[in-house]
Amino acid sequence: MALSIRIPLQQRNPFITVNVNKNMSADASNLGLEAAQHSLILLVAERYFDVLVAEDTYRLAKKQVEAITNTRQEIEKKIQTWQRKPN
């Protein structure tokens, strides 16, 4: 006499499958949302530092213009002084 038992290797339960798929879908959506948030934070930080660099560049250019203007005025004064001196 032989005894045989058949046990399915994979039980099919549609309710479990649906719940697992929904959870996986929600996890994937949350990961996508987190990735988008991190990208946005990084982009905002980059733009903030770009603005800081632009402000520093503007201040430097303004100081350079002032220095050049002062140098030009000094040169003009010296030229006027030399032109007034009799030979």
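# Surface and side-chain contacts of a one-helix model

The protein exposes about 9000 Å², and carbon and sulfur atoms supply 61% of that area. The model is a predicted one.

Trainee: What does the secondary structure of the protein come to?
Mentor: The helix that carries the residues discussed here is α1, residues 14-84. Strands number zero. The total is therefore one helix and zero strands.

Trainee: What percentage of the 87 residues count as buried?
Mentor: To count as buried, a residue must have under 20% relative accessible area. Among the residues above that cut-off are Val-44, at 52%, and Glu-55, at 38%. Over the 87 residues of the protein, the buried share is 0%.

Trainee: Is Val-44 buried or exposed?
Mentor: Val-44 sits in helix α1. Its relative accessible area is 52%, and the cut-off for the upper class is over 50%. Val-44 therefore counts as exposed.

Trainee: Which residues form a nonpolar patch on the surface?
Mentor: A residue in a patch needs over 30% relative accessible area, and Val-44 has 52%. Nonpolar side chains are joined within 5 Å. The patch has about 270 Å² of accessible area together, and its members are Leu-40, Leu-43 and Val-44.

Trainee: The structure holds one aromatic pair. Which class does the pair of Tyr-48 and Phe-49 fall into?
Mentor: The ring centres of Tyr-48 and Phe-49 are 5.4 Å apart, and rings pair if their centres lie within 6.5 Å. Their planes stand at 70°, where over 60 degrees is the cut-off for the class. The pair is therefore edge-to-face.

Trainee: How many salt bridges does the structure hold?
Mentor: Side chains of opposite charge can pair when their charged atoms come close. Here one of the bridges joins Arg-72 and Glu-76, at 3.6 Å from N to O. The count for the structure is four.

Trainee: About how many helical turns separate Arg-47 and Asp-50?
Mentor: The side chains of these two residues meet in a salt bridge, with 3.4 Å from N to O. Arg-47 is partly exposed at 45% relative accessibility, and Asp-50 is partly exposed at 44%. They are three residues apart in helix α1, so the separation is about one helical turn.

Trainee: How far apart are the closest N and O atoms of Glu-55 and Arg-59?
Mentor: Both residues lie in helix α1, four residues apart, about one turn of the helix. Glu-55 is partly exposed at 38% relative accessible area, as is Arg-59 at 46%. They form a salt bridge, and the closest N and O atoms are apart by 3.9 Å.

Trainee: Which residues do salt bridges that share partners join into one network?
Mentor: Arg-72 and Glu-76 are four residues apart in helix α1, about one turn. Arg-72 is partly exposed at 46% relative accessibility, and Glu-76 is partly exposed at 38%. Elsewhere, bridges that share partners make one network of Glu-55, Asp-56 and Arg-59.

Terms used: Residues numbered from 1 in each chain as written. Predicted model: local features only at pLDDT ≥ 70, side-chain atom pairs only at ≥ 80, totals over all residues. Heavy atoms only, no water. Patch = residues over 30% accessible without salt bridge, like charges linked within 9 Å, V, L, I, M, F, W, Y side chains within 5 Å. Areas by Shrake-Rupley, 256 points an atom, 1.4 Å probe, with all protein chains shown as cover. Helix = DSSP H or I, 4+ residues; strand = E, 2+ residues; numbered from the N terminus. Buried < 20%, exposed > 50% of the residue type's maximum accessible area, 1.4 Å probe, protein only. Phe/Tyr/Trp six-rings, centres within 6.5 Å; stacked < 30°, edge-to-face > 60°.
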